[in-house]
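The following note is offered to a colleague who is meeting this structure for the first time. Please read the points beside the sequence and the model.

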Amino acid sequence: MSTEPRLAEVTDPEPPQEAARGTDQAVKETLEDYTLRFAPRSYRRWTPMVVATTALGGIAYMADFSIGAGIGLAHGTGNALLAIAVAAVVIFVTGFPLAYYGARYNIDLDLITRGSGFGYFGSVITSVIFASFTFIFFALEGSIMAQGLKLGLGLPLWLGYLVSTLMVIPLVIYGMSALSKLQVWTTPVWLLLMVGPLVYLVATDPGTVDRFLAYAGTDGDGGVNTASVLLGAGVCLSLIAQIGEQIDYLRFMPPKTETNKRSWWTAVVMAGPGWVVLGALKQAIGVFLAVYIIAEVGASAAPEPIQQFKHAFDAMMPSWIVLPLAVALVVISQIKINVTNAYSGSLAWTNSFTRVTKRYPGRMVFVLVNLGFALALMEADMFSFLNSILGFYSNCAIAWVVTVATDIGINKYVLKLSPHAPEFRRGMLYAVNPVGVVSFVAASGLSIAMYFHALGDTLQPYSPVAAAVIAFVLTPLMAVVTKGRYYLRRTDGGIAEPLLDEDGNPSAVAYTCHVCRQQFERPDVAACRTHDAVVCSLCLSTDKVGDHVLPAAV
């Protein structure tokens with residue numbers, strides 16, 4: 001039996017009022033995979049393992065090999081491995097509450113952020129940060145693919161950049177339905193191509209392990225020191241925002257029940273924070289392959305994944321098949337991750353634009369915007385200054401993710417000052433919540449100043465630590481100071497049906513939206529201000545005059 005859910009065909013009803021005309025396109029498009037919305041139970045028919053496999057398919061990116069190689073070449077193997085481990089622990093701990101919340105309540109990271117300390121408009125800034133993450137890493141993966149196409153097919157880099165950008169457009173149009181098939185079917189091939197050469201090198205030449213462990217790096221003497229570890233960890237921590245892309249898939253998890261709770265938890269942990277285990281292993285492999293290349297041909301090509309795997313395949317296979325296999329690995333990896341980057345980035349841009357302008361231009365517009373930014377970075381040769389970009393970006397990403405994770409873990413479950421049930425609808429939230437916004441701005445601002453040596457050279461390596469610590473301390477402190485009063489503009493959405501069912505899952509009771517006349521489940525609707533009816537969350541977002549938005553509770 002197919003695991004792909006199908007929606008019944010929807011008609012195109014005449015909207016009941018003029019204001020609805022601008023939302024009609026938005027409604028039809030977002031019903032494909034519930035972009036900008038709560039993902040309803042009627043759509044979530046994949047098993048936990050299918051969702052997890054799809055989510056983990058996006059971890060096929062080659063950037064980890066470059067990141068690991070760059071850290072290892074600069075600081076040596078010992079510092080690199082410690083840096084990778086430190087970053088992995090931070091990413092796992094902060095990613096766990098976010099993954100749980102997204103899977104349990106079936107909302108993406110932007111909707112989580114709104115109700116977890118930032119407010120309805122306050123989370124726009126974090127949506128832009130997440131969108132930046134997607135096009136930065138799209139550009140990185142596209143650069144790696146262009147290197148492969150140049151080596152294997154002789155394409156000039158500028159043309160390789162263009163090819164790697166345009167080829168994902170047809171795939172990303174179709175959302176979750178297409179992505180789930182792509183990720184499931186390509187993952188076994190990718191794993192075989194990635195792991196095979198590594199196992200062969202270790203088995204046939206144990207000396208590669210000794211050289212790997214003894215490598216001192218260009219900036220060190222082989223010893224472990226705190227500054228090198230933290231500088232390396234800062235680069236790795238730029239990947240902390242990857243949890244947002246994982247949640248874009250995890251929001252399609254089925255309801256957690258007594259029957260499926262074991263597989264549900266396994267899938268959430270494995271595909272949520274657990275992505276970093278595979279990521280850290282790939283970074284360590286990147287260090288290993290870079291050291292192997294240095295011993296074979298020198299350091300110039302060591303950071304490039306296409307060169308790493310070309311030389312690894314060359315040690316175990318006939319020369320005629322080496323380049324085709326290396327290019328195939330790079331192309332498969334780039335497609336698997338960049339369809340996710342393009343998809344998730346388009347959601348983030350569309351979320352921000354719709355809230356600010358109260359207008360929905362179509363998600364494909366922002367697929368093209370995101371790809372345009374990525375292509376510009378590629379043509380600017382971002383690969384040559386990769387670590388500088390990622391080191392700077394990580395400060396913003398850490399401040400955001402730690403703030404939201406702390407709000408969920410501490411403010412919701414310990415202090416109980418943040419509402420336990422998720423909230424993202426316009427009218428229910430304050431425009432800006434100082435708890436998250438102040439914590440994020442302070443943490444990112446001070447850590448960026450440290451990164452650019454504004455507080456001295458000694459403190460510069462500690463900028464990612466500062467971002468995490470400041471966000472972790474300020475988030476509960478701001479909740480206590482404000483007494484949690486800026487989370488909810490009103491506690492009653494005007495509907496008698498409870499938001500959650502008896503098992504704690506979002507209610508599946510369906511309501512018809514007064515504006516677009518489509519059916520949506522309980523968490524996605526609120527009562528209308530001017531009619532005895534309900535309105536869905538997207539129609540509330542695109543309501544330019546506020547006719548349907550409930551007033552603040554007195």
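1. In this predicted model, Asn 106 takes a positive phi of about 60 degrees, and Asn 106 lies just after helix H4.

2. Helix H4 itself covers residues 77–105, 29 residues in total. The distance from its first C-alpha to its last is 41 Å, close to the 42 Å expected at 1.5 Å a residue. H4 nevertheless bends by about 35 degrees at Gly 95. A proline, Pro 97, follows that glycine within four residues.

3. Helix H3 comprises residues 63–75. Its 13 residues should span 18 Å at 1.5 Å a residue, and the end C-alpha atoms are 18 Å apart, so expectation and model agree. H3 is mostly covered, with 13 of its 13 residues buried. Just after H3, Gly 76 takes a positive phi of about 90 degrees.

4. The cysteines deserve a separate remark. A disulfide is a covalent bond between the sulfur atoms of two cysteines. The cut-off applied here is 2.5 Å between sulfur atoms, and by this rule the count comes to zero disulfides.

5. Why is Cys 516 without a bond to Cys 513? The closest cysteine sulfur to that of Cys 516 is in Cys 513, at 3.6 Å, which is too far for a bond. Cys 516 counts as buried because its relative accessibility is 7%, under the 20% limit.

6. For Cys 528, the closest cysteine sulfur is likewise in Cys 513, but at 8.8 Å, so the separation is too far for a bond. Cys 528 also counts as buried, at 7% relative accessibility.

Note on methods: Residues are numbered from 1 along each chain as its sequence is written. This is a predicted model: local features need pLDDT of at least 70, side-chain atom pairs count only at pLDDT 80 or more; totals for chains, interfaces and linings use all residues. Side-chain values use heavy atoms; hydrogens and water are left out. Helices (H or I, at least four residues) and strands (E, at least two) are DSSP runs, numbered from the N terminus. The expected span of a helix is 1.5 Å times one less than its number of residues. Buried means under 20% relative accessible area, exposed over 50%, partly exposed in between (1.4 Å probe, protein chains only). The bend at a residue is the angle between axes fitted to the seven residues ending there and the seven starting there.
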